[in-house]
Amino acid sequence: MQERIWTAVLVTGTTTQVVNTSASTNKADAQPQVEAQFPGYSLIALVPGSHASGAFVYHPPLSNPLQLPNCS
């Protein structure tokens, strides 16, 4: 199995983290591998390459949850 460096966006509760990690080049295999490296977190995005050092995470205020537009 070949591996590559990924930037992973992980969430749990109100915590989001962006980390660099190594996992399979196959996206379907990479998801469970990355989630196993970060127990309790759900993987929401993988970006090829190492970008965590330049990433910012923004959270909406808990009293004003993010409202997504209706795209229908």
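The following paragraphs lead from the overall layout of this predicted model to its nonpolar core and then to two buried residues, Ser24 and Thr7.

The chain contains one helix and three strands. Read from the N terminus, these elements follow the order β-β-α-β. Of the 72 residues in the chain, 22% count as buried. The accessible surface of the chain amounts to about 5,200 Å², and carbon and sulfur atoms hold 55% of that area. Among the contacts in the chain with a separation of 6 or more, 49% join residues that lie 24 or more positions apart.

The interior may be considered next. In soluble globular proteins, nonpolar side chains tend to be buried together. In this model, the largest nonpolar core has nine residues: Trp6, Ala8, Leu10, Val19, Ala23, Ala30, Val34, Phe38 and Leu43. At least two residues of this core come from each of β1 (3-12), β2 (15-24) and α1 (27-37). Strand β1 supplies the largest share, with three residues. Leu43, one of the core residues, illustrates how separate parts of the chain meet. Not counting residues up to four places away in sequence, Leu43 touches Ala8, Val9, Leu10, Gln31, Val34 and Glu35.

Buried positions are not confined to the residues of this core. Ser24 belongs to strand β2. Ser24 counts as buried because its relative accessibility is 2%, and the cut-off for a buried residue is under 20%. What does Ser24 touch, when residues up to four places away in sequence are not counted? Its partners are Met1, Gln2, Glu3, Arg4, Trp6, Asp29, Ala30 and Gln33; of these, Trp6 and Ala30 also appear in the largest nonpolar core. A polar atom of the Ser24 side chain lies 2.9 Å from the backbone nitrogen of Asn26. Ser24 and Val34 are 10 residues apart along the chain, and their C-alpha atoms are separated by 9.1 Å.

Thr7 offers a second example, this time in strand β1. With a relative accessible area of 4%, Thr7 is therefore classed as buried. Which polar partner does the side chain of Thr7 find in another side chain? The side chain of Asn20 makes a polar contact with that of Thr7, at 3.1 Å. In addition, the backbone nitrogen of His51 lies 2.7 Å from a polar atom of the Thr7 side chain.

The wider surroundings of Thr7 include both of these residues. Leaving aside neighbours within four places in sequence, Thr7 is in contact with Val18, Val19, Asn20, Ala45, Leu46, Val47, Gly49, Ser50, His51 and Ala52. One of these partners, Val18, is 11 residues from Thr7 along the chain, and the C-alpha atoms of the two are separated by 6.8 Å. Another partner, Val19, is itself a member of the largest nonpolar core.

Note on methods
Residues are numbered from 1 along each chain as its sequence is written. This is a predicted model: local features need pLDDT of at least 70, side-chain atom pairs count only at pLDDT 80 or more; totals for chains, interfaces and linings use all residues. Side-chain values use heavy atoms; hydrogens and water are left out. A nonpolar core is a set of buried Ala, Val, Leu, Ile, Met, Phe, Trp, Tyr and Cys residues joined through side-chain atoms within 4.5 Å. Buried means under 20% relative accessible area, exposed over 50%, partly exposed in between (1.4 Å probe, protein chains only). Helices (H or I, at least four residues) and strands (E, at least two) are DSSP runs, numbered from the N terminus. Contact means heavy atoms within 4.5 Å. A polar contact is a pair of N or O atoms within 3.5 Å; within protein, one must be able to donate a hydrogen and the other to accept it, and residues adjacent in sequence count only if both atoms are side-chain atoms. Accessible areas come from the Shrake-Rupley method with a 1.4 Å probe; for residues, only the protein chains shown count as cover.
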